[in-house]
Structure formats: C-alpha cells, structure tokens
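These are my notebook entries on a structure that I looked up. I set down each point in the order in which I consulted it.

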Amino acid sequence: MTADGSVASVRVAPAGLSRRARRFVEVDGIRLPVQDVLSRRDVWIRHGIPAAEVDRAAAFQDRWGGLALPPAPFYEGGPGVLEADCPEGSTTEGWWFPAGTGRVSMAYGFLIGPEGAFGIDGYQWTPLHASPDGWVESLALAAHARRWARTVTRITGKAVESLDLDGYEPVPEVQGLTDTWWRGKDSLIALYRGEALGLDAPQCLEAHIYGGLDEWGLKGG
C-alpha cells in the first residue's frame, strides 16, 4: 500500500511460500487498503471476543490483508481481497473470522477456522486447506498449470469419484484438506470437493486435469 492509501504492487511476498507462489503473488497480486484490526481490538474484547482471537485475526491481516489475486478457478473466483473481520464463535465450539468477501453473492463465505484452516461456511464449516498459505499455493499452482498444460479437462459430479489416482502423489504445499492437488508423471489434477460437502450438493464435485506437462510444468518453482 502506498502512503496515500492507493493500490500498490506486492514487492515481497510473505515468507514461507514456495518459489512458484512467491512469484505469483509478486507478479500478479496487488495490495489494497484494509481496516486496521487492532484499532477495533478493545471494542471487540468488550463484546466478549477473546483477546487471543482478535490477535489471530490481526496476524492474518498483517500477513495477507489487502492482497488481491487473480480469480480462483473454482468457488466463483474466491475472495476478491483477503481481509480479516470480527471473529465469531464460542469457547466451546471455537472461533472463526472472515478471510475476505467473495467476488459475487454466494451461499457461503470464506473463513479462517479455529485451527487456522482456510475454508468455506455454507450449510456447514468446510476447511479447504490447512492454512491461508495453502489457498494461495493452490491459486499459484492453478495459474502455473493453465499456462503450461497442453490440455485442460474439467470433470464434474459423479465422474469425479471415478478418477484413478494410482501413480499420483499429493502436492504437499497446497496443504489440501477437502480440496487436494495430485501430481502424476505428466499431469496435475485439482480436486474441488468443498462445495459438494459444504452445501451438501454432490453435483458440485469438480476436478480439473492439466495434461501434457513437462518437468517444469509439473514442478516449476
């Protein structure tokens, strides 16, 4: 963000990402002005939100707040801008806070869960990736795969369950939970199960198969 609060490029991506994801954030991402979470800390605490949860939202804001990335290939593009807001929950059930507003009106929102997972809240909480880093890694991998694949095949509904993953291995950096990525000898497969589980809608299962990849296409970065 510039001194006058205008849009700014991302000069240095958050630490801990893969080289591919760092390049994606720095080249394709921008920073936009967002709220100062800590300025609301005392008010939120007076309303019964634990200080630790406010601080957790503030840490997310410090790392990711204001980052706008190209649309995700699923979830209607994902959050337009990553941004924390007031945590909600309870001591017994745990606490969640928003991860950013969706690009369009949807039947679910994007949240950070009690254990730090990035997910959606529809009919039920559905963690997609073990952390926001995993979500960003998945976006970076999708952009990379689209650029280098010779073919891109989209599979939906029941056909997704019949995919043969023999010979494939999970891609660890995306920290897949409900959503996972798989790497084979010449292809990558992205499995999107979040809407099917979060909305209790099996027809929303979807997989994208990126075929004809060389070594750089499979692992570049």
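Before sorting the residues around a pocket by class, I fixed the classes: Ala, Val, Leu, Ile, Met, Phe, Trp, Tyr, Cys and Pro count as nonpolar, Asp, Glu, Lys and Arg as charged, and the others, Gly among them, as polar. I also note that this is a predicted model.

Entry 1, the largest pocket. I looked up its volume and found about 150 Å³ of space. Its lining consists of Arg20, Arg23, Phe24, Val27, Asp28, Ala140, Ala143, His144, Arg147, Trp148 and Trp216. Two elements, H1 and H4, each give two or more residues to that lining. By class I recorded 6 nonpolar, 1 polar and 4 charged residues.

Entry 2, helix H1. I turned next to this helix, which spans residues 19–28. Which of its residues are buried? I found Arg20, Ala21, Phe24 and Val25. Seen down the helix axis, these buried residues of H1 fall within an arc of 130°, so they line one face of the helix. I recalled the general rule that an α-helix has 3.6 residues a turn, so residues three or four places apart point the same way. I then asked what covers the buried residues of H1. The cover includes strand E3 (67–68), helix H4 (132–148) and helix H6 (215–219).

Entry 3, the nonpolar cores. The largest nonpolar core has 50 residues, and those with the most contacts inside it are Val25, Tyr75, Trp181 and Leu188. Among the elements that give two or more residues to this core I noted H1, helix H3 (51–64), strand E5 (94–100) and strand E12 (188–192). H4 gives the largest share, 8 residues. I followed Val25 further: leaving aside neighbours within four places in sequence, Val25 is in contact with Val10, Ala13, Pro14, Leu17, Leu67, Leu69 and Val136. I also recorded a second, separate core of 8 residues, which includes Val160, Ile189, Ala196 and Ala207. As a general matter, nonpolar side chains in soluble globular proteins tend to be buried together.

Entry 4, the cavities. How many cavities of 30 Å³ or more does the structure hold? I counted 3. The largest cavity has a volume of about 50 Å³. Of the 14 residues that line this cavity, the closest to its centre are Leu69, Pro79, Arg103, Trp135 and Leu139. E3 and H4 each supply at least two residues of the lining. By class, I recorded 10 nonpolar, 3 polar and 1 charged residues in the lining of the largest cavity.

Entry 5, the loop between E3 and E4. Tyr75 lies in this loop, and Glu76 lies there as well. For Tyr75 I read a phi near 60°, a positive value in a residue other than glycine. The phi of Glu76, near 50°, is likewise positive in a residue other than glycine. Is Tyr75 buried or exposed? Tyr75 is buried, with a relative accessible area of 1%.

Entry 6, Gly176. I located Gly176 in the loop between strand E10 (169–170) and strand E11 (180–183). Gly176 is partly exposed, with a relative accessible area of 33%. Not counting residues up to four places away in sequence, Gly176 touches Leu128 and His129. The C-alpha atoms of Gly176 and Leu128 are separated by 6.5 Å, although these residues stand 48 residues apart along the chain.

Key: Residues numbered from 1 in each chain as written. Predicted model: local features only at pLDDT ≥ 70, side-chain atom pairs only at ≥ 80, totals over all residues. Heavy atoms only, no water. Buried < 20%, exposed > 50% of the residue type's maximum accessible area, 1.4 Å probe, protein only. Helix = DSSP H or I, 4+ residues; strand = E, 2+ residues; numbered from the N terminus. Arc of directions from axis to C-beta. Contact = heavy atoms within 4.5 Å. 1 Å grid on protein atoms, 1.4 Å probe; cavity = no way out; pocket = protein on both sides within 12 Å on 5 of 7 lines; lining within 4 Å. Points joined across faces, edges and corners; volume = space filled by probe spheres on them. Core = buried A, V, L, I, M, F, W, Y, C linked by side-chain atoms within 4.5 Å.
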